[in-house]
Each structure stands twice: as C-alpha cells, then as structure tokens.
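Grab a coffee and open the viewer. Here are a few exercises to work through, each with its solution.

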Amino acid sequence: MAEPLVNAQVLEAFLQRLGRCFHFHARLYLVGGSSLLLVAGKTSTFDIDVQFSTAHEHHAEFIRCLRTVSREMGILVELASPEQFIPLPAGFQERCQFVGRYGSLDVFHFDFYSMPWPRYTVATKRTSTMLCAWSKPN
C-alpha cells in the first residue's frame, strides 16, 4: 500500500507527535519539499525529508521515535542531508531558519541556499521567487 501524500497539516501533526515522543534536546532540519510545504505554498510531497542532531547517547532513541511516529501516521520519513550531494558552503548553519519548538525539539528549515534543488521537484516560478528571497543574506 502506498503512503499518503504529506501536506502542511500532516507535517505539523508529525512534528507535534515527534516532540511528544522524544524527551531529549534535539535539532531537526526540514529538507527540500518538507520545507516548501511551509514557506512556498507547495501543497503536498511524498515524504518528510529530515536531518537531525542530538547527543550521541540519544541518537538511537530519536531514530526509534522517528520510526514510531512515521509508522503510526502511515507516512514515509527519510533521513536526507544536502551534504550527501554537495559540499555545504560556509555559514550554512547560521542561515537555517527557525520553524518552531515541539517539546524539546527545535525545528529549522535547512539552509535554502545550500540545498541541491535539482534533486527535488522542479520549482514553480512562485516557489523560485520565494526561495531566492529567503536565501538572500540579511
């Protein structure tokens, strides 16, 4: 059976449930289409792409929570880091934009400037314009 499409409401529910499941501090980065759901008016994506960081001793628990929430909601969650595809430019960490806090989980958009967009869906003109505006330094 195919997983259902993920929209902004499903993503928000996923983040809330993940924040309730994981009880240690972590940073979660939304990557690609997952971010576009929240900032560019994208209506759906096939999965939630994330990268995360937490203390080494909590890594396995975070993975367990990702799997549990994903399975309970019937959605596909993939670990995806742009650095798997390209070298990350200097300053990428400072350009990650804060989305919100969910329990002890701080959620960010991964640096839009650093993302290898050709790997993702071809952006619409509106999406391209918004991404250009978001990726410009302050």
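The exercises below go from the whole chain down to single residues, and the model is a predicted one.

**Exercise 1.** Work out how the chain is built: how many helices and strands are there, and in what order do they run?

*Solution.* Start by counting: the chain has 4 helices and 5 strands. Next, read from the N terminus, and the order comes out as α-β-α-β-α-β-β-β-α. Then look at burial: 44% of the 138 residues count as buried. Finally, take the contacts with a separation of 6 or more; 71% of them are between residues 24 or more positions apart.

**Exercise 2.** Find the disulfide and say which parts of the chain it ties together.

*Solution.* First, search the whole structure, which turns up 1 disulfide. The partners are cysteine 21 and cysteine 65, with an S to S distance of 2.4 Å, and that fits the cut-off of 2.5 Å. Now place them: cysteine 21 sits in helix α1 (residues 8–21) and cysteine 65 in helix α3 (residues 59–73), so the bond ties together parts 44 residues apart in sequence. Check the twist too: at -80° about the S-S bond, the link is left-handed.

**Exercise 3.** Are cysteine 21 and cysteine 65 buried or exposed?

*Solution.* The cut-off for buried is under 20% relative accessible area. Cysteine 21 and cysteine 65 are both buried.

**Exercise 4.** Describe how β4 and β5 pair, and what glycine 103 does in their hairpin.

*Solution.* Begin with the strands: β4 (residues 97–102) and β5 (residues 105–109) pair antiparallel over 5 bridges. Tyrosine 102 stands opposite leucine 105 in β5. That hairpin has 2 residues between its strands, and glycine 103 takes a positive phi near 65°.

Methods. Residues are numbered from 1 along each chain as its sequence is written. This is a predicted model: local features need pLDDT of at least 70, side-chain atom pairs count only at pLDDT 80 or more; totals for chains, interfaces and linings use all residues. Side-chain values use heavy atoms; hydrogens and water are left out. Buried means under 20% relative accessible area, exposed over 50%, partly exposed in between (1.4 Å probe, protein chains only). Two strands pair if DSSP finds at least two bridges between them. Contact means heavy atoms within 4.5 Å.
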